[in-house]
Amino acid sequence: MNPSTALARTVVGELVRCGVREAVVAPGSRSAPLAIALDEADRRGELRLHMRIDERSASYLALGLARASGRAVPVVCTSGTAAAILHGAVLEASQSGVPLLVLTADRPPELRGTGANQTIDQLHLYGRAVRWFAEVGVAEGRDGEAGYWRSVASRAVLVATDDRDPGPVHLNLAFREPLVPDDDDGADAVAVAGASAAAASPGRRAAMRQPAAAAALDVSEVPVLRGRGVVLVGDLADVAEASRAVALAGALGWPVLSEPSGNARRGPNAIAAYPLLLADDAFAAEHQPDVVLTVGRVTLSRAPLAMARAAGSHVVVDRTGRWSDPTRSAAVILDQVPTVAGPQGAPEGWLDSWRAADARAAEVIDALLGEGLSEPAVSRLLAAALPEDAVLLVGSSRPGRDLEAFSRADACGRILANRGVAGIDGLVSSAVGAALAHQRDGGGHGYALMGDLSLIHDSNGLVISPGEPVPGLTVVVVDNDGGGIFGTLPPSRHRSFERLFATPHGLDLTALCRASGVETVDVASPAELVDGLTPRPGMRVLHVRTDRRGGADLLRVVQERVSEALAWDA
């Protein structure tokens, strides 16, 4: 076979051997060898291939697949601006520790710097955002090349899935023509090539490294974990680590304040409405803890971070070694959550006071959100309706914060979010990928919650070509005709607020989604929303129109009433 075909088939064969089960391709000429090799692997049943016409959608689809599965997922694109378009997903994967494999096709060295079409400098294109970069080199049919290619591919998977600090890896692969298999390469040659690659890869080079079992850390070994404490759980894909944090809080008698994607909002110690409680100055002052234990990246609300900064001791759990401590107040950095409780615990009444305040806030929320479809009500209804085996990808900006403040503590399902850099780009594609991976692993229906600008930003994510895998996914879009979150921030007082920040679009999102071939339902009542959330095959969009200005006013009223209830309760 020609050298470019040999390179592509060998790399794909090694990725499969190392555990890759999903791959995403955006079409292009220079990347043809990789696309064809992946298609061949798909036809053999070795992996599942997903095609997307837009590189941004492709990259965020791969991100969602990798985030939900925890396995390395390659995304393939051609040279030039196509490779640059992947940068946003690479940054998100880097910050949130997602094993994304970026395989960029490139022109050979002799065409670089000559004005050749679609040729840019792709070496270290993503800078320090990737865990590892390799310029694979041009295939030339020399002895020993296949072993080198397999080594690079297996190392890419190894680095991307490293237990301590997973993240994106970039392989730049230059291809010379011919870019397609020779005429005499048939199905038999494909099978033989795959078998030869596997046989030539000894098991001792297996890339799926098993982490060494770490000795359990007893809480008694961390003397500061005593007294009045709080456990903060931020964005955290590791469900087991979140469970350990909940168990520790239960043993110590501490409240658990978890962001939605921390997946630690269930259990007797979970405090659901903590953003509203901590926004009340009197409550925050009275309940300032002696110690705060932070697990994951806390990014949605400022009040918990302020509490951590003011605590007598701030303990951060960060297994990556990258010091997730934006307040720069950590007294201790641990690489795991202590799993065994010692004799020390919170004073009597500490946890009960948090629970009582949370119950009072819940009464206020139920009374104010009982009718209509405000944005907080949509989040609350969605969280309550999630099946136990569901997966939900929640968008950045206002939806994530509404889910954080207004969903009950007993909400079901697994919740994911692109909180690495918290952008609104690629959310539809990420949700599609998360649902596909979740369901391939035996999980249930997929859901997504996002705002109108997020949907518009990634409306191409709704476009799935005929014959491509389609998840069971319900996308709930809160449409307030603009950037609703800015109405709660200082720019809302500026005279040019509507033009510069709210950015109304005036689009008919129902028509937009239907034009992409996706079933779309206009939802006008809580009952219609709950009915629409019933799992159904395929993709559908639930379009909920809300009042942006009224929404900002409602948030202020809820906070005022909660503060009044807390003062009365005191």
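At what angle do α3 and helix α15 pack, and how far apart are their axes? I'll take that one in point 1, then go through the other spots I looked at. Keep in mind that this is a predicted model.

1. **α3 against α15.** The answer to the opening question is an angle of about 40 degrees, with the axes 7 Å apart. Helix α15 covers residues 427–440, and α3 runs over 55–69. An angle like that makes α3 oblique to α15. As for handedness, α3 goes past α15 in a right-handed crossing. If you want to colour the contact, pick Ser57, Tyr60, Leu61, Leu63, Gly64, Leu65, Ala68 and Ser69 on the α3 side. On the α15 side, the residues are Ser429, Ser430, Val432, Gly433, Ala434, Leu436, Ala437 and His438. Sorted by class, that contact comes out as 9 nonpolar and 7 polar residues, with no charged ones.

2. **α1 against α2.** Up at residues 3–17 you'll find helix α1, which packs with helix α2 (residues 32–43) at about 45 degrees. Their axes are 8 Å apart. The two helices are therefore oblique to each other, and their crossing is right-handed. From α1, the residues in the contact are Ser4, Ala8, Arg9 and Val12. They meet Pro33, Leu34, Ala37, Leu38, Glu40 and Ala41 of α2. Here the class split is 7 nonpolar, 1 polar and 2 charged.

3. **Helix α5.** This helix spans residues 87–96, and its buried residues are worth clicking through: Ala89, Val90, Glu92, Ala93, Ser94 and Ser96. What do the buried residues of α5 pack against? They sit against α3 (55–69) and β4 (100–106), so α3 turns up again here, as in point 1. Just after α5 comes Gly97, with a positive phi near 70 degrees.

4. **The aromatic cluster.** There are 2 aromatic pairs in the structure. Take Phe283 and Trp354 to begin with: the ring centres are 5.2 Å apart and the planes stand at 90 degrees, so this pair is edge-to-face. It joins distant parts of the chain, with Phe283 in helix α10 (residues 281–286) and Trp354 in helix α12 (residues 350–368), 71 residues apart. Phe283 and Trp354 are both buried. The other pair is Trp350 with Trp354, whose ring centres are 5.9 Å apart and whose planes are at 75 degrees, so it is edge-to-face as well. This one is local: both Trp350 and Trp354 belong to helix α12, 4 residues apart, or about one turn of the helix. Trp350 is buried too. Put together, Phe283, Trp350 and Trp354 make one aromatic cluster.

5. **Asn269.** Look for this residue in the loop between β8 (256–258) and α9 (274–278). Is Asn269 buried or exposed? Its relative accessibility is 7%, so it counts as buried. Setting aside neighbours within four places in sequence, Asn269 has contacts with Ala249, Gly250, Gly253, Trp254, Pro255 and Val256. Leu351 and Arg355 are also in contact with Asn269.

6. **His543.** Strand β17 (residues 539–545) carries this histidine. With a relative accessible area of 1%, His543 is buried. Beyond residues up to four places away in sequence, His543 touches Val477, Asp479, Leu509 and Thr510, along with Thr520, Val521, Asp522 and Val523. If you're measuring along, the C-alpha atoms of His543 and Asp508 are 10.0 Å apart, for a separation of 35 residues in sequence.

7. **His457.** This histidine is in helix α16 (residues 452–457). At 33% relative accessible area, His457 is partly exposed, whereas His543 is buried. Apart from residues up to four places away in sequence, His457 touches Arg56, Ile424 and Asp425. Between His457 and Thr520 the C-alpha separation is 18 Å, with their positions 63 residues apart along the chain.

Terms used. Residues numbered from 1 in each chain as written. Predicted model: local features only at pLDDT ≥ 70, side-chain atom pairs only at ≥ 80, totals over all residues. Heavy atoms only, no water. Axes fitted to C-alpha atoms, helices over the stretch in contact; angles between N-to-C directions. Parallel < 35°, antiparallel > 145°, perpendicular 65-115°, else oblique. Left-handed = near helix turned anticlockwise from the far one by under 90°. Contact = heavy atoms within 4.5 Å. Nonpolar A, V, L, I, M, F, W, Y, C, P; charged D, E, K, R; others polar. Phe/Tyr/Trp six-rings, centres within 6.5 Å; stacked < 30°, edge-to-face > 60°. Buried < 20%, exposed > 50% of the residue type's maximum accessible area, 1.4 Å probe, protein only.
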